[in-house]
Amino acid sequence: SSPAYADLAHKLGTAFLVEACSKMLMEHIQNTLPTLAAGIARLIEEKQAELDSYGDSSPEVLRRKLISCLVKVSRRFSGLLSGADLGPLEGAAEEEKDGGVAIGSSTGLLSGGSRIEGILTTVFAQTLGEVDVTGAMDP
């Protein structure tokens, strides 16, 4: 309201400050938006390429892979219990030792439940057959 500032009156006050800040913000957004959009597009392309490198990971494909893996493990476990020599699992060591019993090897040794079954049906049954049960009985 002073006559000394009459020629600056249109540049004073909150209305001018709001207008000046809004104009500066719009100019900044207009200058940086194209660069920002290009950077986002480049990152999207990189991440899509990385995702594509992992292969198909749709739920159906993952479900099939999981079922296939479970079937292999189930067959291997069943073979170990029955004494079948199925060879080592994919990615497993050629031969592992556990207290002298070969596990997952092609040496012909039985392990786990099949070993117990083998002992009961061969060694134990043979030993029972050799025992003379009637010899210890009184006439």
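Me: Exposed means over 50% relative accessible area. How do you know that Lys47 belongs in that class?

Reply: This is a predicted model, and in it Lys47 has a relative accessible area of 54%. That value is over 50%, so Lys47 is exposed.

Me: Lys47 has a salt-bridge partner, Glu50. What makes that pair a salt bridge?

Reply: The N to O distance between the side chains of Glu50 and Lys47 is 3.6 Å. The cut-off is 4 Å between a Lys or Arg side-chain nitrogen and an Asp or Glu carboxyl oxygen, so the pair qualifies. As for where they sit, Glu50 and Lys47 are both in helix H1, 3 residues apart, which means about one helical turn lies between them.

Me: And why is Glu50 called partly exposed?

Reply: Its relative accessible area is 35%. Partly exposed runs between the 20% and 50% limits, so Glu50 lands there.

Me: What makes Arg42 and Glu46 a salt bridge?

Reply: Same kind of check: the closest N and O atoms of Arg42 and Glu46 are 3.1 Å apart. The limit is 4 Å, so this pair counts too. Arg42 and Glu46 are 4 residues apart in helix H1, so about one helical turn separates them.

Me: Which exposure class do Arg42 and Glu46 get, and why?

Reply: Arg42 comes out at 46% relative accessibility, and Glu46 has 41%. Both values fall between 20% and 50%, so both residues are partly exposed.

Me: On to helix H2, residues 59–82. How do you know that Glu60 and Arg64 form a salt bridge?

Reply: Their side chains come to 3.8 Å, N to O, which is within 4 Å, so the pair passes. Glu60 and Arg64 are 4 residues apart in that helix, about one turn. The pair also belongs to a network of salt bridges that takes in Arg63. The structure holds 4 salt bridges.

Me: Why do Glu60 and Arg64 get separate exposure labels?

Reply: Glu60 is at 41% relative accessibility, so it counts as partly exposed. Arg64 is at 52%, which is over 50%, so Arg64 counts as exposed.

Me: What makes Leu36 part of a nonpolar surface patch?

Reply: Patch residues need over 30% relative accessible area and no salt bridge, with nonpolar side chains joined within 5 Å. Leu36 has 51%, so it clears the area limit, and it also counts as exposed. Leu36 lies in helix H1, residues 14–53. The patch is made up of Leu25, Ile29, Leu33, Leu36, Ile40 and Ile44, with about 560 Å² of accessible area together.

Me: Cys21 and Cys69 are in the chain. How many disulfides are there, and what decides it?

Reply: The count is 0. A pair needs its cysteine sulfur atoms within 2.5 Å, so the zero says that no pair meets that limit. Cys21 has 43% relative accessibility, so it is partly exposed; Cys69, at 45%, is partly exposed as well.

Me: What does the chain look like overall?

Reply: There are 3 helices and 2 strands, running α-α-β-β-α from the N terminus. Of the 139 residues, 9% are buried. About 11700 Å² is exposed, with carbon and sulfur atoms supplying 64% of it. Among contacts with a separation of 6 or more, 24% join residues 24 or more positions apart.

Me: How confident is the predictor, and where does pLDDT stay under 50?

Reply: The chain averages a pLDDT of 75, and 69% of the residues score at least 70. Residues 91–106 stay under 50 throughout, though the model still gives them 25 contacts beyond four places in sequence. Where pLDDT is low, the predicted coordinates should not be read in detail.

Conventions
Residues numbered from 1 in each chain as written. Predicted model: local features only at pLDDT ≥ 70, side-chain atom pairs only at ≥ 80, totals over all residues. Heavy atoms only, no water. Buried < 20%, exposed > 50% of the residue type's maximum accessible area, 1.4 Å probe, protein only. Contact = heavy atoms within 4.5 Å. Areas by Shrake-Rupley, 256 points an atom, 1.4 Å probe, with all protein chains shown as cover. Patch = residues over 30% accessible without salt bridge, like charges linked within 9 Å, V, L, I, M, F, W, Y side chains within 5 Å. pLDDT = per-residue confidence, 0-100.
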